[in-house]
Structures are given as C-alpha cells and as structure tokens.
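Please look through the structure shown below, together with its sequence, before reading on. The paragraphs that follow take its parts in turn.

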Amino acid sequence: MINPVPTLSPAAERAVVSVCNSYHNKPDTLLEILHDVQEQLGHVPEQSLPLIAAALNLSRAEVYGVVTFYHDFHLNPKGQHVIKICRAEACQSAGGFAVIAALENTLQIKLGETTADGKITLEAVYCLGLCPMGPAALIDGKPKAAIKPDNVIALVKELA
Ligand code: FES
C-alpha cells in the first residue's frame, strides 16, 4: 500500500505564504525564502515546494532542484542529534569509508537519513579543516577527530 503524502498544516502553509510575501514573491529571492522557511519550520517540507513555486512563478522542478542542490536545506526534519561526517579526500584516505560504514551499520541508516526514532541524523560534509586528524566529524556542532570504526558504537551510545 502506498502511504499518502502528508499535507502541510494550515499554520505551516500560512508561514510559507507569509515568507514568500515578505520577499514580494520575487523569484530571485528563492534562496532567502528557503532559508526562512527552514528556520521557521525546521526543514523545507516537500509539500511546501508547490506553494513556493506558485508564489514565485517558478516550476516545482526549479524549486526542488535548488532545495536538493544545497546541502544545508532539508526536506525532512533533522534528528535531535546530528552527526556530520567528513567525506573529503584526506579523511577518506585516513579510513573515513570504514567509519561511515560503521556509522551506517550502527544506526541502520544511510548518509542523509534520520533514525526511525528521530534521534540521530547522519550527514556528509566535505572538509572541516581537521584534515591531519581525520577521519573527522562534527557531532552536534562539536568537532571530533581521529574517529575509528571501533569507536562508533560508543560514540552513538553517548548520544542516545
Ligand atoms: S578532509 Fe576531512 S577534515 Fe579535511
């Protein structure tokens, strides 16, 4: 059975329309609008994209393309905790792939996803300036260096 796509709450719909209006529905303010919608709703709900597209006289595909192009925009709510693991070259050559695999196995999610209980979101970032100490991550905004696959379970337990 196909799950129906949830609709926006009336309050969320009003917030999206209000944000668009605050930028006079100008298409060249799409990025500002997306940032404001995300700030107000915690993410940019997929159901808000047709509203934004209509207000700015853009296609849904154009709005969707922008939201999915920039890593800072989220179509789904983030977890209580966010692990941003570095996927850039220096960290990968220091064993980053194994750390990512261990995180995905432990959390039972892939990069870009949130655990079913809404507790932890796992995201990729590309260089945190900690290259000599990789593999590196940001955990709830705090840098963590020299992560080993064996440390991953303890690291996740600390968050839970
Ligand atoms: S490559 Fe990972 S912190 Fe720079």
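A starting point is His81, which is placed in strand 1, residues 81-86; strands here are DSSP runs of E of at least two residues, helices are runs of H or I of at least four, and both are numbered from the N terminus. The model is a predicted one, in which local features need pLDDT of at least 70 and side-chain atom pairs count only at pLDDT 80 or more, while totals for chains, interfaces and linings use all residues. Residues are numbered from 1 along each chain as its sequence is written, and side-chain values use heavy atoms, with hydrogens and water left out.

With a relative accessible area of 19%, His81 is buried, a word that means under 20% relative accessible area, where exposed means over 50% and partly exposed lies in between, for a 1.4 Å probe and protein chains only. Leaving aside residues up to four places away in sequence, His81 touches Lys119, Ile120, Thr121, Asp140 and Leu159, contact being heavy atoms within 4.5 Å. A polar atom of the His81 side chain also lies 3.2 Å from the backbone oxygen of Leu159.

The sheet comes next. It is an open sheet of four strands in the order 2-1-3-4, and its pairing is mixed; two strands pair if DSSP finds at least two bridges between them. At the edges are strand 2 and strand 4 (142-144), each of which pairs on one side only, and the twist from one strand to the next averages 25 degrees. Strand 1 and strand 3 (residues 137-139) run antiparallel and are joined by three bridges, and Ile85 has Ala137 in strand 3 as its bridge partner. Helix 6 (residues 152-159) packs on this sheet, where it touches strand 1, strand 2, strand 3 and strand 4, and its direction makes about 150 degrees with that of strand 1. Such angles run from 0 to 180 degrees between N-to-C directions, and axes are lines fitted to C-alpha atoms, for helices over the stretch in contact. Helix 5 (residues 89-107) lies across strand 1 and strand 2, running at about 150 degrees to strand 1.

In strand 2 (residues 120-125) lies Glu123, which counts as buried because its relative accessibility is 10%. Its side chain is joined to that of Lys78 by a polar contact of 3.5 Å; such a contact is a pair of N or O atoms within 3.5 Å, of which, within protein, one must be able to donate a hydrogen and the other to accept it, and residues adjacent in sequence count only if both atoms are side-chain atoms. Among the residues that Glu123 touches are His74, Ile83 and Leu111.

Away from the strands, helix 1 (residues 10-22) and helix 2 pack at an angle of about 150 degrees, with their axes 9 Å apart. Helix 1 is therefore roughly antiparallel to helix 2, since angles over 145 degrees count as roughly antiparallel, under 35 as roughly parallel, 65 to 115 as roughly perpendicular and the rest as oblique. The contact involves Ala12, Ala15, Val16, Val19 and Cys20 of helix 1, together with Ile33, Asp36, Val37, Gln40 and Leu41 of helix 2.

Helix 2 (residues 30-41) also holds Gln38, which is buried, with a relative accessible area of 15%. The side chain of Gln38 reaches the backbone oxygen of Asp72 at 2.7 Å and the backbone nitrogen of His74 at 2.7 Å.
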